[in-house]
Structure formats: C-alpha cells, structure tokens
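Before reading on, please take a moment to look over the sequence and the model together. The paragraphs below then lead from one pair of strands to the whole fold and on to what lies inside.

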Amino acid sequence: MRMKNFLSFILVFFAIGFASAQDDLLNQLDSQQPTEKQVAAAAFKGLQICNMQSTKLPAQGEWYMVVSHRFGDLTQGLKNFFGMDNALTKVGGIYGVTNWLSFGASRQTYNKIYELTAKYKFANQLERGFPITIVGYNTMDINSGLQKAANPGIKFTDRLAYSSQLLISRKFSDSFSFEIAPIYLHKNLYEYGVEQKNQYFMGVGARYKLSKRLSVNLEYAARMIIVEGFVTPYHNPLSVGLDIETGGHVFQLVVSNSQPMNDVAVFSNTTGNWNGGSLYFGFNMYRVF
C-alpha cells in the first residue's frame, strides 16, 4: 500500500509539471514573437534540504567549505546537557568543476567516515518549457573506524558503502519548491539479520520561502522494499529545517531523528523516532569562496 501511495503521488507530481509545460507551449505558439527559454531560478537555496541533497549545484569554479554539526539526543535533557555531551561533526569541501558537475570530500566523527561525492545535472527546469530539474548524486563512504583487532580478516573493500540518488525537483512558485528522490544503497559490510546489503528508499523534500532570507524545509525518506518477517531497529529519517541566507553563506538549522550526516547512515541507520524517541538538533553551514 505504501508503494502504491508513493507511485500515485509521483504520477500526480509529474502530471502537474507536464500540464504546466503544455500550457506554456500553447502560449508560445499563440505569441507573435518567440521568447528565449530561460533556466528557472534554483528550487533550493542550499545544497542540502536538511540531510538530503537538493538539486542545487555550485557554479563553475566555486569552492564550498562545509561544516555540519549534530548534538546528541535532545530528549535526554540534563543527562547529556541537551545533547552537548555526544555531538557529531562533519567537515568537508565541494568544488564546482563545471556548472553541471561538482565533486566533494568530507570527514566526520561518526565511525571516522570519509565520504566522497559526485553531483551532476541532467536537465534544468525552464521558465517556458521543461518542467523539472534532474540531478544525479553518488557517494562512497570509507569507514576508517573499523579496527582490525576487533575485526580479524577485514579487507579495505569491507569498509566501503555507496549510495546512488536521482534528484527531481520543481519550483512551483517563488515561495514553494518540491523534490522527489529515488535512492539506492549498497553496503559491503552490514549487520546480518538487522539490515540488508542492498536497500531502496524514496525520499521527498520541500521548501517554503518565508521571507527574502528565510525558508522552512521538510524532508522524509521511506524504505520501499521490506522483506516479509524482516525486523529492523532503524527508522525512516524525518527532518525539518530553517534556511538562513547571510550573504556569503547559507546557514541551516536542522532537527532530525538521524544524528549521523553521511547519506548511507542517514537513510539506513536512523535510530531516533519522532514518536517518543530520540531527536537531534544541529546545523549545516556552507561558505562560498
């Protein structure tokens, strides 16, 4: 039933977009003077929605410095000083090779993971014409926290995990943007009986502009294939955020049931639960050079 609901939602999403494109085409045919096709303004101001990637890419030659931080469990209160005692940090950089391709690298305290990323654009949403932006995104994790003493016989390939994502967004108005994202994960080393080697998710995200420099964001990702009788302790990630534009950088405040910030862990190893479980507060900061 969940799969049917998502597929129905996606069909409606595309139907609205292509209906709008058809209307634009008819308007152009009726016009006496042809108009140039212009790329629509970015659907999202940040490279991320909250934890998920958005369809925004750096411009050619731009360097982004990324600092992300997630405090510990808010719900424990003074026991861990509202998350101050168990924080995670991610530091990295992203470079725009062209206007349609960027590469990134980061290191974070969660499992001492190094994450390599590639982001590439297939198509732009046009003001009069193509109704959506399509972007591909891939990550590779290297888990350097695994110790050989505790894992005899471990190989380098056992430390690797991957994600492949197709990001599809539409800017419906100056205030509202929406994104869907089919996601595939693969882990060379995984918890047998608790998680699967290959996992599939469907992510959705939205942005609503509150003012010139503020917007509220929401995202969610659901497992699409669950083996009958298979029970996992992990939950679907749900996050809400606030974008603050301050000139040279975008500052994002985030509350999520996921504390790790690498894509593989966000989607497959979320331990928190908005329904009476753990919640984590933090931020993403992007500085452009």
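**From a strand pair to the barrel**

Gly-92 stands opposite Ser-106 in β3, and this is a convenient place to begin in what is a predicted model. The two residues belong to a pairing in which strand β2 (residues 88-98) and strand β3 (residues 101-108) run antiparallel over 8 bridges, and the chain passes from β2 to β3 by way of a hairpin with 2 residues.

Following the chain onward, β3 is also joined by 8 bridges to strand β4 (residues 113-123), again in the antiparallel sense, and here Gln-108 has Ile-113 of β4 as its bridge partner. The hairpin formed by β3 and β4 has 4 residues between the strands, and Asn-111 in this turn has a positive phi of about 55°.

These pairings are part of a wider arrangement, in which 12 strands close into a barrel in the order β1-β2-β3-β4-β5-β6-β7-β8-β9-β10-β11-β12, with antiparallel pairing. On average, neighbouring strands of this sheet are turned by 20° against each other, direction ignored. In a regular strand, side chains alternate between the two faces of the sheet.

Further along the barrel, β7 and strand β8 (residues 198-209) run antiparallel and are joined by 11 bridges, with Phe-178 finding its bridge partner in Ala-206 of β8.

Which residues have the most contacts inside the largest nonpolar core? This core has 14 residues, and the ones with the most contacts within it are Leu-167, Ala-181, Ile-183, Leu-185, Phe-201 and Phe-267. Two or more of its residues come from each of β5 (133-143), β6 (160-171), β7 (176-187) and α2 (263-268). Ala-181 illustrates how distant parts of the sequence meet, since, leaving aside residues up to four places away in sequence, Ala-181 touches Met-52, Leu-166, Leu-167, Phe-201, Met-202 and Gly-203. A second, separate core has 8 residues, including Ile-134, Phe-178, Val-204 and Ala-206, so that the bridge partners Phe-178 and Ala-206 appear here once more.The last feature to consider is open space. Rolling a probe the size of a water molecule over the atoms shows where empty space is left. The largest pocket has a volume of about 390 Å³, and among the 21 residues that line this pocket, Asn-111, Asn-143, Lys-187, Leu-189 and Asn-269 are the closest to its centre. Asn-111 is thus a residue met earlier, in the turn between β3 and β4. At least two residues of the lining are supplied by each of β5, β6 and α2, elements that also each give two or more residues to the largest nonpolar core.

Definitions and conventions: Residues numbered from 1 in each chain as written. Predicted model: local features only at pLDDT ≥ 70, side-chain atom pairs only at ≥ 80, totals over all residues. Heavy atoms only, no water. Core = buried A, V, L, I, M, F, W, Y, C linked by side-chain atoms within 4.5 Å. Buried < 20%, exposed > 50% of the residue type's maximum accessible area, 1.4 Å probe, protein only. Contact = heavy atoms within 4.5 Å. Pairing = 2+ DSSP bridges. Axes fitted to C-alpha atoms, helices over the stretch in contact; angles between N-to-C directions. 1 Å grid on protein atoms, 1.4 Å probe; cavity = no way out; pocket = protein on both sides within 12 Å on 5 of 7 lines; lining within 4 Å. Points joined across faces, edges and corners; volume = space filled by probe spheres on them.
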